[in-house]
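Work through the exercises below with the sequence and the 3D view side by side. Try each task before reading its solution.

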Amino acid sequence: MELLNNFSEIFLSVWDKGILGVDIFQILIGIGIFLVFLIFRGLISKLIIKKLELISKKTTNKLDDTFVSSLVGPARFFPIVIGFFIASYYMSFSSEGREIVDTINRTLITILIFWIIHQIIEPISYILSGLDQLLTRELIGWIIKSLKILIFILGLAAVLELWGIKIGPIIAGLGLFGVAVALGAQDLFKNLISGILVLVEKRFKIGDWISVDGVIEGIVEKIGFRSTSIRKFDKSLAIIPNFQFAENAVTNVSETSNWRIRWVITLQYDTTIDQLKKIRDEIEAYINKSEDFNQSAGVAVRIEKFSDSSIDLLVRCFTKSNSWNDWLEVKERLAIEIKQIVESNKASFAFPSQSIYIEKK
């Protein structure tokens with residue numbers, strides 16, 4: 001009987017003292033309150049989102065719709081913050097316990113605030129998209145990513161400060177570490193700066209066909225911080241460091257408005273002056289009359305020079321279409337027309353040849 005009384009006294013003592021000065025009954029009630037908010041957080045978050053959706057439907061732009069969808073995560077986290085706050089203030093903690101619980105509450109609220117700011121940054125891209133004359137879509141993506149990383153770092157610093165962890169010494173230590181890293185990461189910064197220049201100067205964008213002298217030719221698929229992904233015409237994917245676009249000539253083929261045709265037609269030396277003039281005039285007349293060519297960009301059909309085994313006739317003109325396939329078709333039609341003109345004037349094309357004279361003694 002005495003053993004049972006001792007156990008009863010110890011049990012009641014633990015029940016009354018509890019944890020951090022809070023009796024077990026209060027702890028159980030507090031846990032129950034928190035569980036209620038945890039169970040119904042989906043319902044609470046849906047009510048918040050639904051209310052915001054009703055407000056956003058009153059407008060015609062997509063900015064507020066994106067804003068609402070970006071707040072789904074914080075809205076689901078909000079009931080947890082409220083539930084823990086109410087549960088913690090229902091319980092009577094000791095002074096030390098209250099200080100710890102208040103720090104946890106501040107931490108949860110800080111996370112919620114910075115999470116909301118982090119999510120709100122995404123809709124900003126719709127605002128920046130109106131500045132497409134100044135900023136490319138890729139550069140806007142970079143700005144959004146950089147802002148998100150900055151908000152995350154600031155939020156982490158704020159949480160650490162709440163728990164008494166000073167970030168000043170950490171930043172100072174990282175500064176010394178950063179110097180050492182920077183010495184070994186010069187290529188990374190060089191590629192980063194080159195990538196920014198590519199976007200700011202609008203040299204090319206995703207989907208463009210570009211040609212980098214001696215490096216690569218293909219379709220741009222992604223422009224990253226360090227490198228750019230280019231899909232070659234054999235469907236292989238090439239990852240090119242961004243500094244290549246700063247150190248080499250880049251031709252944006254997609255921006256071509258008039259494709260150039262430049263040929264040298266080689267005629268035999270036995271071609272007469274009248275034949276040369278007639279061939280020249282007929283080729284020039286065909287180009288000037290054809291709807292395939294942009295005559296305002298310039299047309300040149302002239303005798304260029306006397307080569308070792310031919311008289312060279314220069315043909316230079318520009319197509320109207322900016323399509324590569326159309327350019328090939330126009331070239332083909334021009335080639336057939338030139339051959340017909342040369343043959344109709346009873347002249348012949350020259351080919352490289354040499355004459356050997358043997359002197360007899």
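Two strands pair if DSSP finds at least two bridges between them. Strands (E, at least two residues) and helices (H or I, at least four residues) are DSSP runs, numbered from the N terminus. The model is predicted, so local features need pLDDT of at least 70 and side-chain atom pairs count only at pLDDT 80 or more, while totals for chains, interfaces and linings use all residues. Residues are numbered from 1 along each chain as its sequence is written, and side-chain values use heavy atoms, with hydrogens and water left out.

**Exercise 1. Find the partners of β7 residues and place the strands in their sheet.**

Step 1. Take Ala-300. Opposite it in β8 stands Arg-316.

Step 2. Take Lys-305. Its position faces Asp-312 in β8.

Step 3. Now view the whole pair. Strand β7 covers residues 300-306 and strand β8 covers residues 311-318. They run antiparallel and share 6 bridges. The two form a hairpin, with 4 residues between them.

Step 4. Widen the view. An open sheet of 3 strands has the order β6-β8-β7, with antiparallel pairing. β6 (260-267) and β7 are the edge strands, each with a single partner, so one side of each has no neighbour in the sheet. From one strand to the next, the twist averages 25 degrees. Angles run from 0 to 180 degrees between N-to-C directions, and axes are lines fitted to C-alpha atoms, for helices over the stretch in contact.

Step 5. Add the helix. α12 packs on this sheet and touches β6 and β8. Its direction makes about 25 degrees with that of β6. Contact here means heavy atoms within 4.5 Å.

**Exercise 2. Describe how α11 packs against α12.**

Step 1. Locate them. Helix α11 spans residues 273-289, and helix α12 spans residues 324-344.

Step 2. Read the geometry. The angle is about 150 degrees, and the axes lie 10 Å apart.

Step 3. Classify the angle. Under 35 degrees counts as roughly parallel, over 145 as roughly antiparallel, 65 to 115 as roughly perpendicular, and the rest as oblique. α11 and α12 are therefore roughly antiparallel.

Step 4. Give the hand. The crossing of α11 and α12 is right-handed. That means the near helix is turned clockwise from the far one by less than a right angle; anticlockwise would be left-handed.

Step 5. List the contacts. From α11 come Ile-279, Glu-282, Ile-283, Tyr-286 and Ile-287. They meet α12 residues including Leu-334, Ile-338, Ile-341 and Val-342. The residues of this contact divide into 8 nonpolar, 1 polar and 3 charged. Ala, Val, Leu, Ile, Met, Phe, Trp, Tyr, Cys and Pro count as nonpolar, Asp, Glu, Lys and Arg as charged, and the others, Gly among them, as polar.

**Exercise 3. Trace the sheet that holds β2, and find a salt bridge in it.**

Step 1. Order the strands. 5 strands form an open sheet, β4-β3-β2-β1-β5, with antiparallel pairing. β4 (237-241) and β5 (250-252) stand at the edges with a single partner each, so one side of each lacks a neighbour in the sheet.

Step 2. Follow β1 into β2. Strand β1 (residues 209-212) pairs with β2 over 4 bridges. Val-212 has Ile-216 as its bridge partner. Their hairpin has 3 residues between the strands, and Gly-214 takes a positive phi near 70 degrees.

Step 3. Go on to β3. A hairpin of 3 residues joins β2 to β3. Lys-222 stands opposite Ser-229, and Ile-219 opposite Arg-231.

Step 4. Find the salt bridge (a side-chain nitrogen of Lys or Arg within 4 Å of a carboxyl oxygen of Asp or Glu). Glu-221 forms one with Arg-231, with the closest N and O atoms 2.9 Å apart. Glu-221 lies in β2 and Arg-231 in β3, 10 residues apart.
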